[in-house]
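Visitor: I have not looked at this structure before, and I would like to learn how to read it step by step. Could you take me through it?

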Amino acid sequence: MPELPEVETVVRGLQKVLPGRRIVEVRLGKTDFIEDPAALERELPGSRIAAVRRYGKFLVFDLESPQAGTHKPALLIHLLIHLGMTGQLITCAPDASIAPHTHVFFVLDDGRELRYKDPRRFGNMQMVVQGNGSPLGSLGPDPLEATETEFVQQLRGHRARIKALLLDQSVLRGMGNIYADESLWRARINPMRLASSLKEAELRQLYRAVQTILKEAIRLRGSSISDYVDCSGERGEFQLKHRVYQREGKKCARCKALIRRVIVAGRSSHFCPNCQPVPRARRRKK
DNA sequence: AGCTCTTCCTGAAAGC
DNA sequence: TGCTTTCAGGAAGAGC
C-alpha cells in the first residue's frame with residue numbers, strides 16, 4: 001500500500017516527465033472517489049503542470065490554468081491525489097492497453113497519457129483552487145523534514161499508544177502501517193506502549209529509526225506487496241527488507257524469537273516479543 | 001482525548 | 001473442485 005516512500009517514488013518519477021506539460025483532456029470512468037468530477041473535466045483541460053510534489057501521502061499537482069479571454073494571471077489550481085490502498089498513477093502511450101479499474105485518463109500535450117487505476121477505489125482525488133482552503137492544512141509535520149526536537153515534541157505526552165500516533169496523519173504526515181511497524185522494531189519499542197510512557201531517549205531512538213527506515217525504503221523505491229508499482233509500472237524492493245511486517249510466526253532477524261501480530265488501534269501490528277517487550281501490565285495486589 | 005466499530009471496495013486466501 | 005466467507009486496510013464518522 002502506498003505510504004510515504006511509495007508516494008515519494010511515484011512523485012520523483014512523475015517529476016521527470018510532467019512539469020511543463022499541458023493537460024489536453026480529462027476522461028473519467030467511475031467517479032465515486034472524486035470530490036467533484038465535473039470540475040475536473042471542466043477546469044483542468046488547457047492547464048499547465050507547473051510542479052508535482054508530495055505532501056504526506058498525497059500527490060499534489062500544481063497547475064496553472066489560463067483565464068481564457070481575460071488579462072488576468074493564470075489561475076493556480078492544486079490537484080490532490082491520495083492513492084489509498086490500491087491506487088496507481090502510470091504514464092503511458094495512448095495506445096497502451098487499458099488495465100482493468102482504470103478510472104481517470106489525463107491526456108497530455110506530448111501525446112502521452114497519465115492514467116489513474118484503483119481497484120478498491122479507496123483513493124481520493126480532488127481539485128483545490130488556490131485560496132479556497134485545502135484538506136492538507138490539518139496534517140502534522142513530515143517525518144523526514146522534522147528535526148529530532150519537533151518529532152519528539154509531536155509524540156511526547158499523548159495518552160494514545162505509540163503505534164496509533166505514528167498512523168495519525170495529524171501528528172505526523174506520511175507514515176502508514178508498514179513503516180510504523182518496521183520503525184518500531186528498529187527502535188525496539190512495542191507498538192502497544194503508551195506514548196506518555198516513552199522516555200525521551202526512546203523517542204529519539206524512534207526518530208532515528210524512522211529516518212533510517214524511510215530513507216532506505218525510498219532508496220529501494222518502496223514496498224511492493226500486492227499492488228504497488230511506480231509510475232513506470234516497476235515494483236519496489238523494500239518488501240525484501242521487511243523485518244516484522246507480515247512476518248507473523250517467522251524468526252526475528254535480531255534474536256530469532258517468533259514475530260507476533262496483535263491489533264493496535266484497529267490495525268495489524270507486527271513486533272518481536274523479545275526485542276520489543278510488552279509493557280508489564282500493572283497489576284494491583286489483591 | 002482516544003478507543004472501538006462501521007463504512008467504503010475488490011481480490012486473494014481460507015474454509016467447507 | 002467450487003462455492004461462500006473472511007480478511008486486508010487509509011480515512012472519516014459515530015458513539016462511548
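Visitor: Which atom of DNA strand C is 2.8 Å from an N or O atom in the side chain of Arg120?

Guide: Please keep in mind that this is a predicted model. When reading a contact with DNA, it helps to ask which part of the strand takes part, and for the side chain of Arg120 the partner is a base nitrogen of DNA strand C, 2.8 Å from an N or O atom. Arg267 offers a second case, since an N or O atom in its side chain is 3.0 Å from a base nitrogen of DNA strand C.

Visitor: What part of DNA strand C lies 3.2 Å from an N or O atom in the side chain of Ser268?

Guide: There the partner is a phosphate oxygen of DNA strand C. Taking the atoms of DNA strand C within 4 Å of the protein together, 50% belong to sugar or phosphate, and the rest belong to bases. The residues surrounding this strand include Met1, Lys57, Tyr245 and Arg261, and the surface near DNA strand C divides into 4 nonpolar, 4 polar and 4 charged residues.

Visitor: Which residues come nearest to DNA strand B?

Guide: A list of neighbours is a good starting point, and of the 13 residues around DNA strand B, those that come nearest are His101, Pro119, Arg120, Arg121 and Arg159. Of the atoms of this strand that come within 4 Å of the protein, sugar and phosphate account for 71%. The residues of the surface near DNA strand B comprise 5 nonpolar, 2 polar and 6 charged.

Visitor: Which atoms of Ala160 and Arg161 lie 3.4 Å and 3.2 Å from a phosphate oxygen of DNA strand B?

Guide: One should separate backbone from side chain here: for Ala160 a backbone N or O atom lies 3.4 Å from a phosphate oxygen of DNA strand B, and for Arg161 a polar backbone atom is 3.2 Å from a phosphate oxygen of that strand. His158, by contrast, uses an N or O atom in its side chain, 3.5 Å from a phosphate oxygen of DNA strand B.

Visitor: Turning to the protein interior, which residues touch the most other members of the largest nonpolar core?

Guide: A core can be read through its best-connected members, and of the 31 residues in this one, they are Leu14, Leu44, Leu59, Phe61, Leu89 and Met125. Helix H1 (residues 4-17) contributes the largest share, 4 residues. Leu89 touches, among others, Val10, Leu14, Leu59, Phe61 and Ile81, leaving aside residues up to four places away in sequence. A second, separate core of 30 residues includes Met175, Leu184, Leu198 and Ala209.

Terms used: Residues are numbered from 1 along each chain as its sequence is written. Chains are lettered from A and ligands numbered from 1 in the order in which they are written. This is a predicted model: local features need pLDDT of at least 70, side-chain atom pairs count only at pLDDT 80 or more; totals for chains, interfaces and linings use all residues. Side-chain values use heavy atoms; hydrogens and water are left out. A residue is near a molecule or strand if one of its heavy atoms lies within 4 Å of it. A polar contact is a pair of N or O atoms within 3.5 Å; within protein, one must be able to donate a hydrogen and the other to accept it, and residues adjacent in sequence count only if both atoms are side-chain atoms. Ala, Val, Leu, Ile, Met, Phe, Trp, Tyr, Cys and Pro count as nonpolar, Asp, Glu, Lys and Arg as charged, and the others, Gly among them, as polar. A nonpolar core is a set of buried Ala, Val, Leu, Ile, Met, Phe, Trp, Tyr and Cys residues joined through side-chain atoms within 4.5 Å. Buried means under 20% relative accessible area, exposed over 50%, partly exposed in between (1.4 Å probe, protein chains only). Helices (H or I, at least four residues) and strands (E, at least two) are DSSP runs, numbered from the N terminus. Contact means heavy atoms within 4.5 Å.
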